[in-house]
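Take a walk through this fold, from one side chain out to the sheet and its helices. Keep the coordinates open as you read.

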Amino acid sequence: MFEPNEIKRLIEQGMPCEFVAIEGDDGVHFTGIVVSQTFEGKPRVRQHQAVYATLGRLMGNEIHALQLQTFTPAQWEEGRGELGM
């Protein structure tokens, strides 16, 4: 079973991020928000794949599911209030 803080650490270690927040109560299903400049110009599917790549083989194994919202820094600043952050 994984802790949200460990997933956050792995993502931050694996790619440059301006903001990462991960939540989950059961140790295998998580939700998260990742803000990174590396998402600029990439479709959402590629953004999510970049995040999943930081977790490697943990995805689908120890981490059963990670539902993501990904943003560039500009998108994050534009929509931050709507997300309640």
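Is Arg 9 buried, partly exposed or exposed? The model is predicted, and in it Arg 9 has a relative accessibility of 39%. Buried would require under 20% and exposed over 50%, so Arg 9 counts as partly exposed.

Now look at what Arg 9 meets. Its side chain forms a salt bridge with that of Glu 6, at 2.7 Å from N to O. Glu 6 is partly exposed, with a relative accessible area of 28%. Both residues belong to helix α1, which spans residues 4-14. They sit 3 residues apart, so about one helical turn separates them.

How many salt bridges does a search of the whole structure find? The count is 2. Besides the pair just described, Glu 12 bridges to Lys 8, with the closest N and O atoms 2.8 Å apart. Here the spacing along helix α1 is 4 residues, about one turn of the helix. Glu 12 is partly exposed at 39% relative accessibility. Lys 8 is partly exposed too, with a relative accessible area of 25%.

Next, the sheet. It is open, has 3 strands and follows the order β1-β2-β3. Its pairing is mixed. β1 (19-23) and β3 are the edge strands. Each has a single partner strand, so one side of each lacks a neighbour in the sheet. From one strand to the next, the twist averages 15°.

Take the two pairings in turn. β1 and β2 are antiparallel, paired over 5 bridges. Within this pairing, Phe 19 stands opposite Val 35 in β2. β2 (residues 29-35) and β3 (residues 65-71) run parallel, joined by 7 bridges. Val 35 turns up again here, opposite Phe 71 in β3. How does the chain get from β2 to β3? It passes through helix α2 (residues 44-55), and this β-α-β crossover is right-handed.

Last, place the helices against the sheet. α1, the helix of both salt bridges, lies across β1 and β2. It runs at about 150° to β1. α2 also packs on the sheet, where it touches β2 and β3. The direction of α2 makes about 125° with that of β3. β2 is therefore a strand to revisit: it lies between the edge strands β1 and β3 in the order, and both α1 and α2 reach it.

Conventions. Residues are numbered from 1 along each chain as its sequence is written. This is a predicted model: local features need pLDDT of at least 70, side-chain atom pairs count only at pLDDT 80 or more; totals for chains, interfaces and linings use all residues. Side-chain values use heavy atoms; hydrogens and water are left out. Two strands pair if DSSP finds at least two bridges between them. Helices (H or I, at least four residues) and strands (E, at least two) are DSSP runs, numbered from the N terminus. A crossover is right-handed if, with the strands pointing away from the viewer, the path from the first strand over the helix to the second runs clockwise. A salt bridge is a side-chain nitrogen of Lys or Arg within 4 Å of a carboxyl oxygen of Asp or Glu. Buried means under 20% relative accessible area, exposed over 50%, partly exposed in between (1.4 Å probe, protein chains only). Axes are lines fitted to C-alpha atoms, for helices over the stretch in contact, and angles run from 0 to 180 degrees between N-to-C directions. Contact means heavy atoms within 4.5 Å.
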